[in-house]
Amino acid sequence: RHLTAPSSAKEKEAVERELQKSISDLAAELERTAPNLKAVEQYAAIKEKEKELAAAYEGARQEAQAATDAFHAVRQQRHDAFVAAFEHISSEIDVIYKDLTRSSVHPLGGTAYLSLESEDEPYLAGIKYTAMPPTKRYRDMEQLSGGEKTVAALALLFAIHSYRPSPFFVLDEVDAALDATNVSRVAHYLRYKTRPSERNPVPFQSIVISLKDIFYEKADVLVGVARDVGAGCSKAYTFDLNRFEPPQEAEV
């Protein structure tokens, strides 16, 4: 600030005291500030550390994005594989169930269909299977008779098998709960599936374990197991039915 020259010794002392006080205040303020003479070097080190962390963050972000993309790709593949199998099986099961339940009295057969409980993530939810035998109203699967459940289960089995057929499969007394009419239908269907045709371009082989003679007459080969008393062990006997004329198909 602008100071005027003191006119007396008293004023001179006052001015001197004021200047000393200002110097003391500035010195105290400077001491409190305590400037860091290495601030520039420390700032450069912090900037370099920031660059390293930013690069590490970007690398982690890209890895996370790659993992997310891979997860979604696998999830989509799983969804596509599930939907492809479901759509095929769902389209086949009604045709197969009709083949297993069709008769001269009920030429249209029954009705069977599958429905998803979740369309978005079907593999995380359930699949509802509904089968309605001929002349029967809709009811839960638990309310069907033992024979009706068996026919419905076989229809589902054959529908799944049609998606990716295996060379052969084994049926162990699947006819236990079936009456003679349904046994004949199942045996007829199995015989039909072992013969190549326009509707059945890829026939399969099956081994059926049964105690019903209706199954025997539809077979190509009979295999029996009996105890050989002389040898003291079991022995297998085979009988080739292809040497004979096939049995006449009866209306069921």
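**Reading helices, loops and burial**

Me: Threonine 135: does this residue count as buried or exposed?
Reply: Residues over 50% relative accessible area are called exposed. Threonine 135 has a relative accessibility of 67%, so it counts as exposed. Keep in mind that this is a predicted model.

Me: Where is threonine 135 found?
Reply: Threonine 135 sits in the loop that runs between β2 (127-132) and α3 (146-163).

Me: What is the phi of threonine 135 near?
Reply: The general idea comes first: in most residues other than glycine, phi is negative. Threonine 135 is not a glycine, yet its phi is positive, near 65 degrees. Glutamate 173 is another residue to look at, with a positive phi near 50 degrees.

Me: Where is the place of glutamate 173, and how exposed is it?
Reply: Glutamate 173 belongs to the loop between β3 (168-172) and α4. With a relative accessible area of 39%, glutamate 173 is partly exposed.

Me: Which loop holds arginine 137, and how far is arginine 137 from isoleucine 46 in space?
Reply: Arginine 137 lies in the loop between β2 and α3. Its relative accessibility is 70%, so arginine 137 counts as exposed. From C-alpha to C-alpha, arginine 137 and isoleucine 46 are 78 Å apart in space, with their positions 91 residues apart in sequence.

Me: How many helices and strands does the protein chain have?
Reply: There are five helices and six strands in the protein chain. Followed along the sequence, their pattern is α-α-β-β-α-β-α-β-α-β-β.

Me: What is the radius of gyration of the protein chain, against that of a compact globule?
Reply: A compact globule of 252 residues would come out near 18 Å, but this protein chain has 45 Å. Taken along the principal axes, the box filled by its C-alpha atoms is roughly 150 × 55 × 35 Å. Of the 252 residues, 22% count as buried.

Me: How do I check the length of a helix such as α3?
Reply: Take a rise of 1.5 Å a residue and compare the expected span with the distance between the end C-alpha atoms. The 18 residues of α3 should span 26 Å, and the ends are 26 Å apart, so the two agree. For α4, with 14 residues, the expected span is 20 Å and the ends are 20 Å apart, which agrees too.

Me: Which residues of α3 are buried, and what do they pack against?
Reply: A helix has 3.6 residues a turn, so residues three or four places apart point the same way. In α3 the buried residues include Val151, Leu154, Ala155, Phe158 and Ala159. The buried residues of this helix pack against α2, β2, β3 and α4.

Me: How many residues of α4 are buried?
Reply: In α4, 10 of the 14 residues are buried, so the rest of the structure largely encloses this helix. Among them are Val183, Val186, Ala187, Tyr189 and Leu190. Their partners are α2, α3, β3, β4 and α5 (213-217).

Me: At what angle do α2 and α4 pack?
Reply: The angle between α2 (residues 39-101) and α4 is about 125 degrees, and their axes are 8 Å apart. That makes α2 oblique to α4. On the α2 side the contact uses Ile96, Asp99, Leu100 and Thr101, which meet Arg185, Val186 and Tyr189 of α4. By type, the residues of this contact are four nonpolar, one polar and two charged.

Me: Which helix holds phenylalanine 215, and what is phenylalanine 215 in contact with?
Reply: Phenylalanine 215 is part of helix α5. Residues under 20% relative accessible area are called buried, and phenylalanine 215, at 7%, is buried. Beyond its neighbours within four places in sequence, phenylalanine 215 is in contact with Asp175, Val183, Val186, Ala187, Leu190, Val208 and Ser210. A residue can also be far from another along the chain and in space: the C-alpha atoms of phenylalanine 215 and glutamate 16 are separated by 129 Å, with the two 199 residues apart along the chain.

Me: Where is asparagine 200, and does it count as buried or exposed?
Reply: Asparagine 200 is in the loop between α4 (180-193) and β4 (205-209). A loop residue can be buried, and at 2% relative accessibility asparagine 200 counts as buried. Its contacts, neighbours within four places in sequence left aside, are Tyr192, Lys193, Thr194 and Arg195. Asparagine 200 and serine 162 are 38 residues apart in sequence, while their C-alpha atoms are 9.8 Å apart in space.

Methods. Residues numbered from 1 in each chain as written. Predicted model: local features only at pLDDT ≥ 70, side-chain atom pairs only at ≥ 80, totals over all residues. Heavy atoms only, no water. Helix = DSSP H or I, 4+ residues; strand = E, 2+ residues; numbered from the N terminus. Buried < 20%, exposed > 50% of the residue type's maximum accessible area, 1.4 Å probe, protein only. Contact = heavy atoms within 4.5 Å. Axes fitted to C-alpha atoms, helices over the stretch in contact; angles between N-to-C directions. Parallel < 35°, antiparallel > 145°, perpendicular 65-115°, else oblique. Nonpolar A, V, L, I, M, F, W, Y, C, P; charged D, E, K, R; others polar. Expected span 1.5 Å × (residues − 1). Rg over C-alpha atoms; globule rule 2.2 N^0.38 Å.
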